[in-house]
Every structure is written in structure tokens, then in C-alpha cells.
Amino acid sequence: MIPYTANTLKAELNSRGWRLTPQREKILHVFQNLPRGDHLSAEELQHALEERGEPISLSTIYRSVKLMARMGILRELELAEGHKHYELHRPHPHHHHHMVCVQCNKTVEFNNDSILKQSLRQVEKEGFQLIDCQLTVTTICPEALRMGWPSGLPSNWACTRVISEDR
């Protein structure tokens, strides 16, 4: 996998019959400058673009991130909030997986080369080409367990384990 710049994205899009629109270039730029470990939903991406003075409609954002995920530029993640998040797809050794608490949505990234190696073996066996390999482990965080999850949690309970990489 190559690191995407505006020029490589333009070449890839052109080879598939699409154009590099200003909106797609702005979306790529946001993800290129996103701190490692951060993920954005389409709505969060729209908000980040608006803060930069570059408003893009939500429907354009949805179409663009879906296209960029199909191309392997972005990773589409199913986290705990019930909607997709996206991050820049970085090649190995930055390949990672996610543990997500279903109670507080805390997301922890982790590396595990054996998951990738097993996936590569299976892909090669079937004659496919690997684009992405991700495992999302659905969990309950230690704080929710200590508080008596599931029945012992008060209805207004909020996890105190708020970390900047939470989404």
C-alpha cells in the first residue's frame, strides 16, 4: 500500500474514471493530519471541515469516504456507537485492531501480527488480494465491570475513563 498524497489520489481516481474533486482533496488532507489513533465519523469530519472554513455537505462526505474506503485509502471501522468511523489506512507495521467497550464506547487500539499473518495465509490460499485486515473486539471496560455491569450500573452512569482517542 502506498501512502496517499493528492497526486497519488488523483492518479488512482483517474485510472478508475473518477476525478479528484476539491472536496475529496480536502477530506484526504483532514485524514492525513489526523493524529494517529484518532477516528472520525462522517459527522465529525464535516464539523472538522467547517471549523477550517471548508464546509462540505454531509452527503458529499458520505460518498467520498465510502469511495476512499473502497479504494483502500481509508479504513472503515465499526465501533460501538452504531455508525461508521474512518481513519487513514496505513500499511504494516501500523496495522492495528480495536477493542471497544459497548457501555462507554472507549476504544483501545492494539497490534497483533498473528491476526494479519493468518489473514494473509487465507487470502493467498483463496487467490485474493488483501486490502485491509481488522478485528474489532467488543468488550466491557474495567470501570463498568467494577460498577456492576450490566444490572448494577445507574441509568445516568458515565465512564470516567475519558481519553482523547475516545470517539
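**Getting to know this predicted model**

Me: Which residues are buried in α3?
Reply: Happy to start there, with the reminder that this is a predicted model. A residue counts as buried when its relative accessible area is under 20%. In α3, that applies to A42, L45, Q46 and L49.

Me: Within what arc do the buried residues of α3 fall, seen down the axis?
Reply: In an α-helix there are 3.6 residues a turn, so residues three or four places apart point the same way. The buried residues of α3 line one face of the helix, because they fall within an arc of 100°.

Me: Which elements do the buried residues of α3 pack against?
Reply: A42, L45, Q46 and L49 are the buried residues here. Their packing partners are α2, α4 and β2.

Me: Is L58 buried, partly exposed or exposed?
Reply: L58 belongs to helix α4, and it touches A42, E43 and Q46 when neighbours within four places in sequence are set aside. From L58 to Q46 the C-alpha distance is 6.5 Å, with their positions 12 residues apart in sequence. Buried needs under 20% and exposed needs over 50%; the relative accessible area of L58 is 26%, so L58 is partly exposed.

Me: What arc do the buried residues of α2 cover?
Reply: The buried residues in α2 are R24, I27, L28, V30 and F31. They sit on the same side of α2, because the arc they cover around the axis is only 160°.

Me: Which elements do the buried residues of α2 pack against?
Reply: Let's stay with R24, I27, L28, V30 and F31, which are buried in α2. They pack against α1, α3, α4, β1 and β2.

Me: Which element gives the most residues to the largest nonpolar core?
Reply: This core has 23 residues, and L9, I27, F31, L45, I61 and V65 touch the most other members. Two or more residues come from each of α1, α2, α3, α4 and β2. With 5 residues, the element that gives the most is α4.

Me: Which residues does F31 touch, not counting those up to four places away in sequence?
Reply: F31 is one of the core members that touch the most others, and F31 is also buried in α2. Beyond its neighbours in sequence, F31 touches L40, L45, V65, L74, Y86, E87, L88 and R90.

Me: How many residues does the second, separate core have?
Reply: Its members include I140, L153, W157 and C159. The size of this second core is 7 residues.

Me: Which residues is L153 in contact with, leaving aside neighbours within four places in sequence?
Reply: L153 lies in the segment after α6, and it counts as buried because its relative accessibility is 13%. L153 and Q103 are 50 residues apart in sequence, yet their C-alpha atoms are 9.9 Å apart in space. Leaving aside those neighbours, the contacts of L153 are Q103, A144, M147 and G148.

Me: Which strands stand at the edges of the open sheet?
Reply: The sheet has 3 strands in the order β4-β3-β5, with mixed pairing. Each edge strand has a single partner, so one side of it is left without a neighbour in the sheet; these strands are β4 and β5.

Me: What is the bridge partner of M99 in β5?
Reply: β3 and β5 run parallel and are joined by 4 bridges. For M99, the bridge partner in β5 is V137.

Me: Which residue of β4 stands opposite V100?
Reply: β3 and β4 run antiparallel, again with 4 bridges. In their hairpin, 5 residues lie between the strands, and N105 there takes a positive phi near 70°. Opposite V100 in β4 stands T107.

Me: How many strands does the chain have?
Reply: From the N terminus, the elements run α-α-α-α-β-β-β-β-α-β-α. Beside 6 helices, the number of strands is 5.

Me: In which element is confidence highest?
Reply: The chain has a mean pLDDT of 83, and 89% of its residues reach 70 or more. Confidence is lowest in β4, at a mean of 81, while the highest value, 95, belongs to α3.

How values were computed:
Residues are numbered from 1 along each chain as its sequence is written. This is a predicted model: local features need pLDDT of at least 70, side-chain atom pairs count only at pLDDT 80 or more; totals for chains, interfaces and linings use all residues. Side-chain values use heavy atoms; hydrogens and water are left out. A nonpolar core is a set of buried Ala, Val, Leu, Ile, Met, Phe, Trp, Tyr and Cys residues joined through side-chain atoms within 4.5 Å. Buried means under 20% relative accessible area, exposed over 50%, partly exposed in between (1.4 Å probe, protein chains only). Contact means heavy atoms within 4.5 Å. Two strands pair if DSSP finds at least two bridges between them. The arc is that of the directions from the helix axis to the C-beta atoms. pLDDT is the predictor's confidence in each residue, from 0 to 100.
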